[in-house]
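Please open the model in your viewer and keep the sequence panel beside it. This tour suggests what to select at each stop and then describes what is there.

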Amino acid sequence: MNTIDLGGHSGCKILLVESGNKNYVRKISSDVSYNERLKKQCEKQVVFSNELIRAPKVYNSGYGKDGLFFFDMEYIHGITLAEYIKTIEIGKISSLVDRILSGFIHMNDGRVGSEADITVFKAKIADLKDKLGKENNSVINIALELLDHHDWSKFTPSACHGDLTMENIIIKTDEIYLLDFLDSFYD
């Protein structure tokens with residue numbers, strides 16, 4: 001059995017495990033105090049169900065001898081949305097954004113959105129434009145403009161991903177996968 005450290009940003013250890021002809025990813029809590037957060041992430045990923053967007057299947061979870069929570073999930077050999085968006089034609093960005101947003105619209109759990117919900121999204125987009133606009137990347141700027149002009153009134157509350165960044169969206173053979181379900185400033 002081979003393991004490759006994939007890194008990560010949360011402090012958790014993320015390993016690609018090569019075991020025979022089956023590869024999977026093992027995510028291990030950074031410390032005992034992080035166990036509950038990682039366990040909730042695993043639970044969100046297990047129950048995630050969507051016709052347009054997928055999440056890696058969870059195969060196994062538990063606690064190691066060191067007391068750290070871990071879970072094993074399907075390895076998705078794709079590229080992040082951050083990388084993918086750099087390589088696609090500008091004209092295809094709009095349909096990609098529509099596909100992603102349509103997937104989220106299908107996640108509605110019966111709640112109705114409010115003006116306050118829309119305000120939170122608009123503020124987040126404005127913050128991203130402020131931070132990423134300085135990069136002067138035309139593709140990113142166009143994507144941000146599309147998001148800014150999107151009709152958010154159709155976006156209804158649903159289960160929260162918690163860390164929906166372009167690094168946590170993986171594209172594999174035209175399929176969209178979400179990774180790293182976490183808690184959020186806005187649940």
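Begin by selecting Gln41, which counts as buried because its relative accessibility is 2%, where buried means under 20% relative accessible area, exposed means over 50%, and partly exposed lies in between (1.4 Å probe, protein chains only). Before going further, note that this is a predicted model, in which local features need pLDDT of at least 70, side-chain atom pairs count only at pLDDT 80 or more, and totals for chains, interfaces and linings use all residues. Residues are numbered from 1 along each chain as its sequence is written, and side-chain values use heavy atoms, with hydrogens and water left out.

**Stop 1: around Gln41**

Gln41 lies in helix H1; helices (H or I, at least four residues) and strands (E, at least two) are DSSP runs, numbered from the N terminus. Leaving aside neighbours within four places in sequence, Gln41 is in contact with Lys27, Phe71, Asp180, Phe181 and Leu182, contact meaning heavy atoms within 4.5 Å. If you draw a distance between the C-alpha atoms of Gln41 and Phe71, you should find 9.7 Å, although the two are 30 residues apart in sequence.

**Stop 2: the whole of H1**

Now select residues 35-47, the 13 residues of helix H1, which should span 18 Å at 1.5 Å a residue, and whose end C-alpha atoms are 19 Å apart, in agreement with that value; the expected span is 1.5 Å times one less than the number of residues. Which residues of H1 are buried? They are Asn35, Leu38, Gln41, Cys42 and Gln45. Seen down the axis of H1, these buried residues fall within an arc of 125°, so they line one face of the helix, the arc being that of the directions from the helix axis to the C-beta atoms. Turn to the other side of H1 and you will find Lys40 and Val47, which are exposed. To see what the buried residues of H1 pack against, add strand S3 (22-28), strand S4 (58-63) and strand S5 (69-74) to the selection.

**Stop 3: two phi angles to check**

Asp180, already met as a contact of Gln41, is found in the segment after S8. Phi of Asp180 is near 60°, a positive value in a residue other than glycine, and at 18% relative accessibility Asp180 counts as buried. Thr173, in the loop between S7 and S8, also has a positive phi, near 40°. Is Thr173 buried or exposed? Thr173 is exposed, with a relative accessible area of 68%. Most residues other than glycine have a negative phi.

**Stop 4: helix H4**

Next select residues 115-132, the 18 residues of helix H4, which should span 26 Å and have end C-alpha atoms 25 Å apart, which agrees. The buried residues of H4 are Asp117, Ile118 and Ile125. They cover an arc of only 95° around the axis, which puts them on the same side of H4. Glu115, Ala116 and Lys131 are exposed on the other side of H4, while the buried residues of H4 pack against helix H5 (138-148).

**Stop 5: the nonpolar cores**

A nonpolar core is a set of buried Ala, Val, Leu, Ile, Met, Phe, Trp, Tyr and Cys residues joined through side-chain atoms within 4.5 Å. In the largest one, which has 22 residues, select Ile93, Leu96, Ile176 and Leu178, as these touch the most other members. At least two residues of this core come from each of helix H2 (81-87), helix H3 (90-105), H4, H5, strand S7 (169-172) and strand S8 (175-178). H3 gives the largest share, six residues. Centre the view on Leu96, which, apart from neighbours within four places in sequence, is in contact with Leu81, Tyr84, Ile88, Ile171 and Ile176. Another core lies apart from this one and has eleven residues, among them Ile14, Cys42, Phe69 and Phe71.

**Stop 6: two cysteines and the whole chain**

Select Cys12 and Cys42, which are buried, with relative accessible areas of 6% for Cys12 and 5% for Cys42. A search of the whole structure finds zero disulfides, a disulfide being a pair of cysteine sulfur atoms within 2.5 Å. Finally, show the entire chain, which has five helices and eight strands, and follow the elements from the N terminus in the order β-β-β-α-β-β-β-α-α-α-α-β-β. Of its 187 residues, 36% count as buried.
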